[in-house]
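Welcome, and thanks for opening the viewer. Here is a short tour that tells you what to select next and what is there.

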Amino acid sequence: MADFGARVWDREGHQPWNLRLVHDADGVLVGATHVHLAGGGGYVAKVGVRRDRRGQGLAAAMLVDAFALAREHGATRCYLSTDSRTGALGLYEKVGMVVSSTWVNRAIDL
């Protein structure tokens, strides 16, 4: 948690709007989004939904909310980075994002 806090609420320039928490009707934390301004746009640094709450459209709604927040604070575009192995690319495309660059990582067992 200390590591996460250092990258989110202890980050220089952190504002309360950068971190959005989603709770269910019982007050249980079910998701979080971290978005901040960087390079003239909104950078969605983290999107997380509890495993038992996935598949209900929460992540898509959280991304749309992150885009709106960034726009309210001056961003004209939003971006993020992802690893293709997460399976999240379809989600990002569903909310209107497009691939703008691709990085290839290679490895060899020694």
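Before the first selection, one convention: helices and strands here are DSSP runs, numbered from the N terminus, where a helix has at least four residues and a strand at least two. Strand S4 (78–79) therefore qualifies as a strand. Keep in mind as you go that this is a predicted model.

**The whole chain**

Start in cartoon view. You should find three helices and four strands, and reading along the sequence gives the pattern α-β-β-β-α-β-α. Along its principal axes, the C-alpha trace spans about 50 × 35 × 30 Å. The chain has 110 residues, and buried ones make up 28% of them. If you draw a contact map and keep pairs at least 6 apart in sequence, 40% of those contacts join residues at least 24 apart.

**Stop 1: the largest pocket**

Select Leu80, Ser81, Thr82, Val99 and Ser101. Of the 23 residues that line the largest pocket, these are the closest to its centre. The pocket itself has a volume of about 740 Å³.

Which elements supply at least two residues each to this lining? They are strand S4 (78–79) and helix H3 (89–94), and H3 gives the most, with three residues. Colour the lining by class and you will see eleven nonpolar, eight polar and four charged residues.

**Stop 2: the second largest pocket**

Now select Val49, Arg54, Ala59, Ala88 and Leu91, the closest to the centre of the second largest pocket among its 18 lining residues. About 420 Å³ of space lies in this pocket. Strand S3 (41–49), helix H2 (58–72) and H3 each give two or more residues to its lining. H3 thus belongs on your list for the largest pocket and for the second largest one. By class, the second lining holds eight nonpolar, seven polar and three charged residues.

**Stop 3: a pair of rings**

Show Tyr43 and Tyr79 as sticks. The ring centres of these two residues are 5.1 Å apart and their planes meet at 55 degrees, so the pair is tilted. The angle falls between the limits of 30 degrees for stacked and 60 for edge-to-face. The count of aromatic pairs comes to one.

Trace the backbone from one ring to the other: Tyr43 sits in strand S3 and Tyr79 in strand S4, 36 residues apart, so the pair links distant parts of the chain. Is Tyr79 buried or exposed? Neither quite fits: at 27% relative accessibility, Tyr79 counts as partly exposed.

**Stop 4: the nonpolar core**

Select Val44, Leu63 and Phe67. They have the most contacts inside the largest nonpolar core, a set of 16 residues. H2 supplies the largest share of this core, six residues.

Centre the view on Val44. Leaving aside neighbours within four places in sequence, Val44 is in contact with Thr33, His34, Val35, Leu63, Ala66, Phe67, Tyr79 and Leu80. Two of those names should be familiar: Tyr79 from the tilted pair and Leu80 from the centre of the largest pocket.

**Stop 5: His36 and Leu19**

Go next to His36, in strand S2 (residues 29–38). At 8% relative accessibility, His36 counts as buried. Beyond residues up to four places away in sequence, His36 touches Arg11, Trp17, Asn18, Gly41, Gly42, Tyr43 and Ala45. For a distance label, try His36 to Trp9: the C-alpha atoms are 11 Å apart, with their positions 27 residues apart in sequence.

Leu19 lies in strand S1 (residues 19–23). What does Leu19 touch, not counting residues up to four places away in sequence? The answer is Val8, Trp9, His14, Thr33 and His34. Thr33 and His34 are also among the contacts of Val44. From Leu19 to Ala60, 41 residues apart along the chain, the C-alpha separation is 16 Å.

**Last stop: Asp52**

Finish in the loop between S3 and H2, where you will find Asp52. With a relative accessible area of 48%, Asp52 is partly exposed. Draw one more C-alpha to C-alpha line, from Asp52 to Gly96: they are 44 residues apart in sequence and 25 Å apart in space.

Conventions:
Residues are numbered from 1 along each chain as its sequence is written. This is a predicted model: local features need pLDDT of at least 70, side-chain atom pairs count only at pLDDT 80 or more; totals for chains, interfaces and linings use all residues. Side-chain values use heavy atoms; hydrogens and water are left out. On a 1 Å grid over the protein atoms alone, a cavity is a set of points where a 1.4 Å probe fits but cannot get out, and a pocket is an open set with protein on both sides within 12 Å along at least five of seven lines; lining residues have an atom within 4 Å of a point. Grid points are joined across faces, edges and corners, and a volume is the space filled by probe spheres set on the points. Ala, Val, Leu, Ile, Met, Phe, Trp, Tyr, Cys and Pro count as nonpolar, Asp, Glu, Lys and Arg as charged, and the others, Gly among them, as polar. Rings of Phe, Tyr and Trp (its six-membered ring) pair if their centres lie within 6.5 Å; planes under 30 degrees apart count as stacked, over 60 as edge-to-face and the rest as tilted. Buried means under 20% relative accessible area, exposed over 50%, partly exposed in between (1.4 Å probe, protein chains only). Contact means heavy atoms within 4.5 Å. A nonpolar core is a set of buried Ala, Val, Leu, Ile, Met, Phe, Trp, Tyr and Cys residues joined through side-chain atoms within 4.5 Å.
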